[in-house]
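Please open the structure in a viewer in which residues can be selected by number. The tour below proposes a series of selections and describes what is found at each stop.

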Amino acid sequence: MKRFILAATVSLMALSTAQAAVTEADVANDQTITSQVVTNGMGRNLQRFSPLDAINKDTVGSLVPAWAFSMGGEKQRGQETQPLVYDGIMYVTGSYSRLYAIDVKTGKEIWQYDARLPEGILPCCDVINRGAAIYGDNIYFGTLDARLVALNLKTGDVVWNKKIADYRAGYSYTAAPLIVNGLIVTGNSGGEFGIVGEVQARNAETGDLVWTRPVIEGHMGTLNGEESTMTGTLNATWPGDMWKTGGGATWLGGSYDADTDTLVFGTGNPAPWNSHLRNAGAPTEGNVGDNLYAASRLGIDPATGEIKWHFQTTPREGWDFDGVNEVVAFTDREGNDRFATADRNGFFYVLNRADGKFVSAVPFVKDISWASGIDENGRPIYNEDNRPGDPSAATDGDKGEMVFAIPSFLGGKNWMPMAYSQRTGNFYVPSNEWGMDIWNEPVTYREGAAYLGSGFTIKPLFEDYIGSLKAIDPDSGEIKWEYKNDAPLWAGVMTTAGGLVFTGTPEGEFIALDDETGEKLWSFQTGSGIVGQPITWEMDGEQYVSVASGWGGAVPLWGGEVANRVNYLNQGGMIWTFKLAK
Ligand code: CA
C-alpha cells in the first residue's frame, strides 16, 4: 500500500512537471492569458494590447514601484529588451547577450546566463538584445555572435546552442525569436556588412534546422537538409553579381498571423547603401534596380519556408530605409482583416492580410523629401533629385552629390514597436522628426567590413522636439494626437483595456498617456534612458507593469548632431516593476 502511494505521488509530480511546460496553445493565446507573457509582442500578432484594466485612467495616478532589479556589471549599454513572465519567474535579456531569471514577486535573481562572446563580433548598432521566447521547458534567445541558445527555464542550464551564421562575416543576432508549432523562427542581423538576409526555422527540442529562406533573389532555400527553391528569379531585379552580397537583413524578427497561417518578416536595406551600384538610380529597364526582396515585407509558409507574397516598401532603396519594421495583424472597423506597418521611410501602410496586397499608405512624419507619396499600387512616387548622387559621375573628388533627405536613415520610425488598441481601434506609433545630409562614395565588398558606400550626418528638423508618439487611425490615416518629446523616441509602446498607452523616453521617464487624448496621466523617473519594451500581467489578483531602463542603442552611435544633443543622458541597466498602491 505504501509503495502504491509513493508511485502515485511520483506520477502526479511527473504530471505537474509536464503541465508546467509551455504549449503551442499557451503561445497562441498569449494575448489573452493575462497571467503570463511568453511571446515577443504580447501575442504573435504583435498588437501589444492587454485586456487588463485594473490600472486605468482613474487609478494610474497611484502606480508605484513594486521592485527594481539591476543587471549589474560594467556592461551598461542599451537595454532594448521586452521582459517575459511565466510560472513565477520574469526573464529578461540584457546588453552583451545576457539573460536573467528573476523571482517575479520579489525581484530577486534566480539565475543568470552570460554568453561567452568571442573577440571580433560586429554588432552595427550597440550590443543590445530585444528579448527571448518561451516554449516547452526552455527559453530561447539569440546572441551577438549570431548563435541561438536554448536554456532550461528553471535552471538556466544550456539545452542546446546553435550557430545561425558566421559572426566574422558580419552576422549577429539581436531580435526575439518567434515560436510557431514547435519551430523556433529567427532572422539575422548584419545588413551594413553585405550579408544576406535569411529566415531560419529550427526544431525547438533539438535546435536542428528544418528550413532556411534567404530573402535576396538568386539564393537557394533549404527544407529538411535538401535544397528547396530559389528565392525570386536570378537577375530579375539585381544587376550582375550584386545579389550575392545583397543585404536585406531580417534583423527585427517577425510576426505570425494565425488566421492565414503566415509568418511575416521584414527585410533590411539592400547592400551597399550606394544605390547606383545596384542600378537603382538608372532609368528603369524592367525592374532591374528594385533589388527584391530587400526593403520588403515577406509572407512565409511556416511549414516549408516558401514565400507566399511580398510587398516592397522601398524599391530602388537608397537612404537605408530598412523594411524590417513590425507587421501587426488587426481587424479594421469594417471587419476587414488587415496588416499595419510603420516603415523607416516615413509612411504608415495598411495591407490586406490574405495576400499582402497594398490597401493604403499615409505619411506619419513631417516633410518627407524622398517621395511625394505612394501610388495606388503601393509604389513610392520618387523625387529623384533627392536620391544621393552617383559618385562615378562626381566632378569633385570621389563624393557623389550630397542631398538633405527626410526622414533620416534611422527612420520615421526605427525598431521600437508600435502598439494597437482593441479599445480605440488606433495604432500608437513612436516616431522621430529628423533628416540627414547623405552622399555616396565608392565602395567594394570585403568580408567582415562595413559595406555602405555612403556618408551621412543626422540633423534635427525642429528646435523643440525630435520624438513624436502619434495615435493613428488606420482606417482614415488620420493622426488623432501627437505627444512630443525632446529626445528621439526609442522605446516600445503598449496599450491596455484600461485606456492607457505606456512608453518610455530617453530622458528616463516611464509614462502613461490617455489613449484618446494623448494627455500624460502618470510618469516615473527611472534613472536612465528607456529604450525597452513595457509589458503588463496579473499576479495574485493585482495588475503589474514592467519596463527596462538603460540608455543606448543606435542613436548615441549614429545620431550625428542628434547624438550630440542627447550626449548628457546617463547609461544604466534596471528592470522596474510597478503596481497600484493599496
Ligand atoms: Ca540598415
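Select R333 in this predicted model. R333 counts as partly exposed, because its relative accessibility is 45% and the partly exposed class lies between 20% and 50%. Now add D473 to the selection: the side chains of R333 and D473 meet in a salt bridge, at 2.8 Å from N to O. R333 lies in the loop between β21 (328-331) and β22 (337-342), and D473 in the loop between β32 (467-472) and β33 (479-485), so this pair ties together parts that are 140 residues apart in sequence. D473 has a relative accessibility of 8% and therefore counts as buried.

Next, select E478 and K480. Their side chains also meet in a salt bridge, with 3.8 Å from N to O. E478, at 43% relative accessibility, counts as partly exposed, and K480, at 41%, counts as partly exposed too.

**A salt bridge across the sequence**

Proceed to K57 and D514. How far apart are the closest N and O atoms of K57 and D514? They are 2.9 Å apart, and the two residues form a salt bridge. K57 is in the loop between β1 and β2 (63-70), whereas D514 is in strand β36 (residues 509-514); the pair therefore ties together parts that are 457 residues apart in sequence. Is K57 buried or partly exposed? K57 is partly exposed, with a relative accessible area of 25%. D514, by contrast, counts as buried because its relative accessibility is 10%, under the 20% limit.

Keep K57 and D514 selected and add R423, D515 and E516. These five residues, K57, R423, D514, D515 and E516, are linked in a network of salt bridges. In the whole structure, a search finds 36 salt bridges.

**The loop between α2 and β1**

Select R48, which is placed in the loop between α2 (24-28) and β1 (49-50). R48 counts as buried, because its relative accessibility is 3%. To see what surrounds R48, display the residues in contact with it, leaving aside its neighbours within four places in sequence: N40, G41, M42, Q82, P417, M418, A419, V493, M494, T495 and Q533. For a view across the model, add N383: R48 and N383 are 335 residues apart in sequence and 35 Å apart in space, C-alpha to C-alpha.

N45 is also placed in the loop between α2 and β1. With a relative accessibility of 16%, N45 counts as buried. Which residues is N45 in contact with, leaving aside its neighbours within four places in sequence? They are Q31, Y256, V327, V328 and A329.

**The nonpolar cores**

The tour now turns to the interior. In soluble globular proteins, nonpolar side chains tend to be buried together. The largest nonpolar core of this model has 152 residues, and those with the most contacts inside it are Y91, I139, F348 and F502. Strand β23 (residues 347-352) supplies the largest share of this core, with 5 residues.

Select I139 to examine one of these positions. Residues up to four places away in sequence not being counted, I139 touches L84, Y91, L99, W111, A132, A133, I134, V149, A150, L151 and L153. A second, separate core has 11 residues; among them are Y428, W481, L489 and V501.

**A nonpolar patch on the surface**

Select M220, M230 and L234 and show their surface. Together they make a nonpolar surface patch of about 240 Å². M230 has its place in strand β16 (residues 226-230). The relative accessibility of M230 is 35%, so M230 counts as partly exposed.

**The disulfide**

For the last stop, select C124 and C125. A disulfide is a covalent bond between the sulfur atoms of two cysteines. Here, a disulfide joins C124 to C125, with 2.0 Å from S to S. How many disulfides does the count come to? The count comes to 1 disulfide. Look along the S-S bond: with -100° about it, the link of C124 and C125 is left-handed. C124 counts as partly exposed, at 29% relative accessibility, and C125 is partly exposed with a relative accessible area of 24%.

Technical notes. Residues are numbered from 1 along each chain as its sequence is written. This is a predicted model: local features need pLDDT of at least 70, side-chain atom pairs count only at pLDDT 80 or more; totals for chains, interfaces and linings use all residues. Side-chain values use heavy atoms; hydrogens and water are left out. A disulfide is a pair of cysteine sulfur atoms within 2.5 Å. Buried means under 20% relative accessible area, exposed over 50%, partly exposed in between (1.4 Å probe, protein chains only). Patches are made of residues with over 30% relative accessible area and no salt bridge: like charges are joined within 9 Å, nonpolar side chains (Val, Leu, Ile, Met, Phe, Trp, Tyr) within 5 Å. Accessible areas come from the Shrake-Rupley method with a 1.4 Å probe; for residues, only the protein chains shown count as cover. A salt bridge is a side-chain nitrogen of Lys or Arg within 4 Å of a carboxyl oxygen of Asp or Glu. Helices (H or I, at least four residues) and strands (E, at least two) are DSSP runs, numbered from the N terminus. A nonpolar core is a set of buried Ala, Val, Leu, Ile, Met, Phe, Trp, Tyr and Cys residues joined through side-chain atoms within 4.5 Å. Contact means heavy atoms within 4.5 Å.
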